[in-house]
Amino acid sequence: VFSAIEMAPRDPILGITEAFNADTNPAKINLGVGVYYDDNGKVPLLACVQKAEAILIEQAAPRTYLPIEGLATYDKAVQELVFGADSAVIQEKRAVTVQAIGGTGALKIGADFLQRFAPGAQVYISDPSWENHRALFESAGFKVNNYTYYDPSTAGVNFAGMLADLKAMPTGSVVLLHACCHNPTGADLNADQWGQIISVITANGLIPFLDMAYQGFGAGIAEDGAVVRRFADAGGPLLISNSFSKSFSLYGERVGALSVVASSAEEAARLLSQLKRVVRTNYSNPPVHGGKVVSTVLTTPELRQLWEDELAAMRVRIKEMRGALVAKLKEKAPSHDFEFVNKQVGMFSYSGLTKAQVDALRAESIYAVDTGRICVAALNSKNIDKVVDAIAKVL
Ligand code: LMR
């Protein structure tokens with residue numbers, strides 16, 4: 001039964017980490033996966049996380065099963081973070097949140113849920129989008145289409161094209177949007193453009209699904225989350241997947257959540273009951289540790305402040321690396337203009353490097369995604385010159 005099974009291709013992002021791990025060159029640099037490294041090239045264990053873990057060790061709580069929808073304090077804290085504590089959808093009990101296995105797990109719960117209740121809908125993702133979006137919705141049984149997004153000539157958003165594509169989508173289509181820090185391009189919509197997108201989505205009866213994996217890496221926690229609040233104010237339906245992998249540097253703990261906005265508290269209760277069925281038939285209930293760490297930090301004022309400061313420091317360091325990359329490339333490759341890198345937001349830069357150039361970098365043990373996406377958050381004061389020299393050479 002297994003003899004005819006073909007080898008699957010490597011994952012376009014995590015497969016790069018596999019190749020990187022297999023590389024024996026001690027000077028290798030991984031600009032592939034979206035992981036934040038500090039200036040010493042280490043993935044930080046945040047002080048707020050360490051302090052929360054100390055509290056949890058002290059409590060020595062037994063590891064019973066969590067409820068199917070996750071830890072209640074976590075789900076509440078996530079809602080308040082995502083929608084704002086004073087949000088009408090929380091006060092009116094129109095929002096439901098389930099703890100998920102990272103942002104990917106949240107997307108998968110949402111995709112399976114939609115497949116049950118909107119099976120004929122088509123899904124639209126940005127061109128380009130995170131590599132796993134298409135695969136994830138296709139594996140849930142959807143036809144996945146692209147909508148116009150990135151304009152390489154401006155390294156920004158082709159907004160007229162995006163709006164036209166949204167207007168042409170059939171009613172009931174699912175539109176996957178990046179709430180902030182667009183992955184892979186780093187090109188975000190401005191506040192006015194979001195307003196126009198929300199109008200079209202509402203008027204045409206589309207189902208927005210916001211993926212927010214990088215809250216706090218753009219302009220700030222509240223600023224990056226503002227778009228979610230605007231969508232929530234516009235009324236449901238609305239789905240939001242969020243992740244703490246990056247913002248808490250808790251990649252391996254798999255801490256995320258799916259929130260869904262309903263039109264009434266009664267409808268919300270029905271949605272929650274169905275979301276629980278999706279979770280139960282996938283992995284039963286979520287793990288305890290990461291959810292407890294995040295909810296402890298979010299609900300303990302000193303730890304929360306510490307987290308906000310630590311996240312701000314990551315955001316600032318990434319911006320500094322953007323500036324350094326642009327300045328150094330100007331020196332080493334003066335005929336190429338990389339100023340657009342300073343305008344991009346979040347962890348990534350869609351560098352414009354071709355697949356052939358990415359391959360050439362790999363020969364120097366510098367790893368990037370085939371599309372030319374590089375993780376700026378993996379640059380530091382020690383490796384940036386090597387990266388710049390290598391890019392200048394492949395250009
Ligand atoms: C990325 O885009 O690199 C991250 O979101 C990690 C992943 O799961 O692909």
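# Two domains and a shared core

Me: Leaving aside its neighbours within four places in sequence, which residues is A265 in contact with?
Reply: Happy to start there, with the reminder that this is a predicted model. A265 has its place in helix α10. Not counting residues up to four places away in sequence, its contacts are E92, K93 and R94.

Me: Is A265 buried or exposed?
Reply: Its C-beta has 12 other C-beta atoms within 10 Å. A residue with 12 or fewer such neighbours falls in the exposed class. A265 therefore counts as exposed.

Me: How far apart in space are A265 and N158, C-alpha to C-alpha?
Reply: Along the sequence, A265 and N158 are 107 residues apart. In space, their C-alpha atoms are separated by 38 Å.

Me: What about A257: buried or exposed?
Reply: A257 is found in strand β10, which covers residues 255-261. Inside 10 Å there are 31 C-beta neighbours, and the buried class begins at 20. That is why A257 counts as buried.

Me: Which residues does A257 touch, not counting those up to four places away in sequence?
Reply: A257 sits in strand β10, and its list of partners is spread over several stretches of the chain, as the numbering shows. The partners are D75, V78, T97, V98, Q99, A100, A106 and N242.

Me: By how many Å are the C-alpha atoms of A257 and Q305 separated?
Reply: These two residues are 48 apart along the chain. The separation between their C-alpha atoms is 22 Å.

Me: Let's move to the overall layout. Into which domains is the protein divided?
Reply: One of the two is built from separate segments, 14-45 and 304-394, and this is domain 1. The other covers 63-299 and is domain 2.

Me: How many Å separate the centres of domain 1 and domain 2?
Reply: The centres are taken over C-alpha atoms. Domain 1 is 14-45 + 304-394 and domain 2 is 63-299. The separation of their centres is 27 Å.

Me: Which element gives the largest share of the side of domain 1 that touches domain 2?
Reply: In the contact between the domains, 25 residues of domain 1 meet 23 residues of domain 2. On the domain 1 side, the elements giving two or more residues are α12, α13 (340-343) and β11 (348-350). The largest share, 6 residues, comes from α12.

Me: By class, what does the side of domain 1 that touches domain 2 have?
Reply: This side consists of the 25 residues of domain 1 in contact with domain 2. Sorted by class, they are 14 nonpolar, 6 polar and 5 charged.

Me: Where does the largest nonpolar core lie, and why?
Reply: This core has 117 residues, and those with the most contacts inside it are V175, V228, M347 and V376. Helix α12 (residues 301-332) gives the most to the core, with 8 residues. Both domains supply residues to the core, so it lies between domain 1 and domain 2.

Me: Which residues is V228 in contact with, leaving aside its neighbours within four places in sequence?
Reply: V228 is among the residues with the most contacts inside the core. Its partners beyond four places in sequence are V82, F83, A179, L210, M212 and I240.

Me: How do the residues of the shell around the ligand divide into nonpolar, polar and charged?
Reply: The shell around the ligand is made of I13, V33, G34, W130, N132, N183 and A213. Glycine counts with the polar residues. The division is 4 nonpolar, 3 polar and no charged.

Me: A cis peptide bond joins D127 and which residue?
Reply: Omega of this bond is about 0°. The partner is found in the loop between β3 (123-127) and α6 (131-139). The residue joined to D127 is P128.

Me: What is omega for the cis peptide bond that joins G236 and P237?
Reply: P237 lies in the loop between α9 (221-233) and β9 (238-243). For its cis bond with G236, omega is about -10°.

Me: Is A155 buried or exposed?
Reply: A155 has a positive phi of about 55° although it is not a glycine, and it lies in the loop between β5 (150-151) and β6 (156-157). Because it has 21 C-beta neighbours inside 10 Å, A155 counts as buried.

Me: And S284, buried or exposed?
Reply: S284 also is not a glycine, and its phi is positive, near 75°. Its place is in the loop between α10 (265-282) and α11 (289-299). With 10 C-beta neighbours inside 10 Å, S284 counts as exposed.

Conventions: Residues are numbered from 1 along each chain as its sequence is written. This is a predicted model: local features need pLDDT of at least 70, side-chain atom pairs count only at pLDDT 80 or more; totals for chains, interfaces and linings use all residues. A nonpolar core is a set of buried Ala, Val, Leu, Ile, Met, Phe, Trp, Tyr and Cys residues joined through C-beta atoms within 7 Å. Helices (H or I, at least four residues) and strands (E, at least two) are DSSP runs, numbered from the N terminus. Domain bounds come from an automatic or database domain assignment. Two residues are in contact if their C-beta atoms, placed from the backbone, lie within 7 Å. A residue is near a molecule or strand if its C-beta atom, placed from the backbone, lies within 6 Å of it.
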